[in-house]
Amino acid sequence: MGVPGLWDILRPAGQQRSLTQLAVVDGFERNPAGRRGLRIGIDASIWFFHATYGREGENPELRTLFFRCARLMSRPFLPLFVFDGPRRPKLKRKKKVSGKDHWMISGMQEIIEAFGFEWRMAPGEAEAELAYLNRVGVIDAIITDDVDTFLFGATMIIRNPGKMLTGNSAHPVRNTAGKDDGEHTYTYSAADILSHEDIALSQGGLILIALLRGGDYDPTGLPNCGPNVAHALARCGFGDTLLDAARTLARARLPAFLAGWRAELRAELRTNARGLLNSKKARLAQALPESFPDVDVLLLYTHPETSERSGRAPSAVDYLWAREPDLGKLAALCERKFEWGVRELIVKRFRTVIWAPAVLRILRRAVLDADEAGPSTPRRRRPRDEGATGTPSKMIARHFSSQKLNDDYDDSDDDDEHRLIVKIHAKRAHASNDGVPEYRLEIAPTQLVRLTEAGVQGVRQLPGKPAGDSDFDDDDGDDDDEFDDDDDVGGGRKKKKGGPKKPPPVPNSHLRVWMPVSMVARAEPALVAAYEGRCAQKDRDKEERAARRAAKTAGAKEKAQPVVRRGAAKNARAEAEEEEEEEELSAEEDFSDVFGLVKGASGTSRAKAAPKRGVGVAKGTKARAMAPVSEEQEEEEEEEPIPAKPAKSKSKSKPNSKPKPKAKPAPSKAADGALDAQLHPNPPKPGEKLRPPSPPPPPPKRSTLLDVLNAQPAWRPSPPEAPAPASGRVLAAPAPFPLYLSDSDDAAAARRRGPAKTGAQQRPRASGSDSTCPGPRKSPRRDRAHVSPTHAKPLLAAQARDAAARSAARAGAASSSSSSSSSSDEEEDTRSRPASPSPMR
């Protein structure tokens, strides 16, 4: 039907829209006519043509029309169905048109009235009547797939979204998610078609294209004239002049006008003076007949049979769309017309097909009542229970059923059982409706079930199970027009094929549907406020939890950072100490025993070899064992003994703790007397306290072996032993340097202490024998484990005494010896010392 190729020409001007967005935004929210919906006109003859494809069940054509009306009711559309009238053209597409009414008109009108829609019988063709109603503002748009409506002067067309149409199947409309959900279509307006730079067609240009290409009244058209040539000639303005002449000139004067009009048309085809043709069409100009165009066909487009010509022009007040769906009438209609017209099956089918559209109509009616009432002085009313809010039951019973309910039914607003909208559960913006926000409502259909059951007369009985059970499945009939059998009505989910079927739900059980936010907010503001309050509280709680988690994470990071710094500093100090130890070991290796250092200090770290505090080492001083200790410091340490640490209880003592070191052995009286005579030549008088000498300055930190060697003066031989005093004590001057490396530590310590208290004879020391002076021992690193903590204090004390004695001996020898003797002594000492490698080596 229509003009071939014209939809392809107009396609660039189409706008992709969702049916829900179109109805809600352009209809309910903008409210152009004050009816809270988009007023649309529908050509019933096109629906009759589509209904003939129904093949299922009893009365398949009416069944298809029923489900298409239910689908139309699921959006805030206000339909006006227009039927062809008796004065429509007698010939169409070279076929004779019957003057009788279509056999589906009566059944279709009954379905339309049950759904609360409007219908109208046109004087002539329904297409022309719809174009006139659209032009005068009775309806806002026309839902059709016939482009001839634009030829009659329509201003807005919503192309039929049916998938069975050839144009729609070749050019499917997809949503923002890239899916063909059947919810989107194209809308075309006359203003967009005229203003589009690639189209630029007016009503006269559209009529000229229909005359050149062929239409319903003359399917032949001009032979060999394609759509591009027809479009170019229409843009040249030949269609506008033709339409103006047809409207202003009488029929008798049209042949004269058409003669000159054809001459201009032939000239344009030969010369392409306006440059809109892709090439010159001289052959087509010669083939243009003198009878083109047919005047009768032209007048059918320019002067159609409508209510305007008959003198019965309708106005906007003639159609108020005040009627609502009658659930009782719908149930009675299904009982009479369809095989599933049994009480139980009707309620089951209405749950998936009717309840969601009925809720949308109830919301619209509630908003309409509020608009009609207008602002009023608030009255003192009884507070309503917030837990069971909903649309008033009295309004539902008054507008959505003409049946009288039983006397035991109480439609009081305070009855929680009859609340329609129980709660709002969620909110979404789905791609199927181009992001129109929707609420997920929980519906209590108790009242809807009662209104439906009131219309069932019980004419049919529930059969056991028909053969094949095909008529009782929810997927029978036209899949494009039926709803899915699911409690989530309006959710857009498709029924899964195959698998076990769910048991039928209880008729009065709650179900959930999606409804536009704008409608719910105006109909149930208290319910929306409660839901938004819950959502806001959830958002605040979520932000608080996120803030607490962030604070906790930040605190954990702050606590972890100092630990890392302390660990890094500790590692750095440990590395520095290890490097220092390596440097000391490289300088001290193989020369500790040779140069008189403490055995065991070489090859170990200074921190480990240093004695404990109070034994010649101050707190915080490292490696004092390498520095010589003066006699005054030794005497001060003997006069002020180290206070013993309090012993820990056995219960707190560690099982594997090391034993405490033994007390330092007391030196012999003879050795003490000799040292006193040398260190104090003028002893103090009786009763006078001995003044300790000032302590020497501490050695420089980080002293190496070379620093110690450079600080010590050249070695000189010890003076001859002094005669023993009268008291019988023998002054024994210790050797200034350990020349006999074969002696053990115990023997050297015993020799320094003198004869033991037990009177045991000491082994005589061999002197002057080279056989008793072996070469240097191996590196003292290997003997590191032989020095125990117990021997640390005696060794340190002995080292201090040896250093003091050597100092005194050097001082006496320097005053008595001459330069010649000192040089010979040095040569003799050099010859007597064992050979050793250079320290720098």
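Which residues does R343 touch, not counting residues up to four places away in sequence? The answer is E453 and V456, shown in the last view.

This is a predicted model, where local features need pLDDT of at least 70, side-chain atom pairs count only at pLDDT 80 or more, and totals for chains, interfaces and linings use all residues. Residues are numbered from 1 along each chain as its sequence is written, and side-chain values use heavy atoms, with hydrogens and water left out.

**View 1. Seven strands form an open sheet.** The order is β1-β9-β8-β7-β2-β3-β6, and the pairing is mixed. Strands are DSSP runs of E with at least two residues; helices are runs of H or I with at least four; both are numbered from the N terminus. Two strands pair if DSSP finds at least two bridges between them. β1 (15–18) and β6 (118–121) are the edge strands, each pairing on one side only. From one strand to the next, the twist averages 30°. Strands of a sheet pair through backbone hydrogen bonds, either parallel or antiparallel.

**View 2. Strand β9 pairs with β8 and with β1.** β8 (residues 156–159) and β9 (residues 184–189) are antiparallel, with three bridges. I157 faces Y188 in β9. M156 has S189 as its bridge partner in β9. β1 and β9 also run antiparallel, joined by four bridges. Here Q16 stands opposite Y186 of β9. Five of the six residues of β9 are buried (under 20% relative accessible area, 1.4 Å probe, protein chains only).

**View 3. Helices α3 and α4 meet the sheet strands.** α3 (residues 44–51) packs on the sheet and touches β2 (38–43), β3 (77–83) and β7 (141–144). Contact means heavy atoms within 4.5 Å. The direction of α3 makes about 60° with that of β2. α4 (residues 60–73) lies across β2 and β3. α4 runs at about 145° to β3. Axes are lines fitted to C-alpha atoms, for helices over the stretch in contact; angles run from 0 to 180 degrees between N-to-C directions.

**View 4. R343 sits in helix α18.** The helix spans residues 343–353. R343 has a relative accessible area of 33%, so R343 counts as partly exposed, between the buried limit of 20% and the exposed limit of 50%. R343 touches E453 and V456. L462 is 119 residues from R343 in sequence, yet the C-alpha to C-alpha distance is 8.0 Å.
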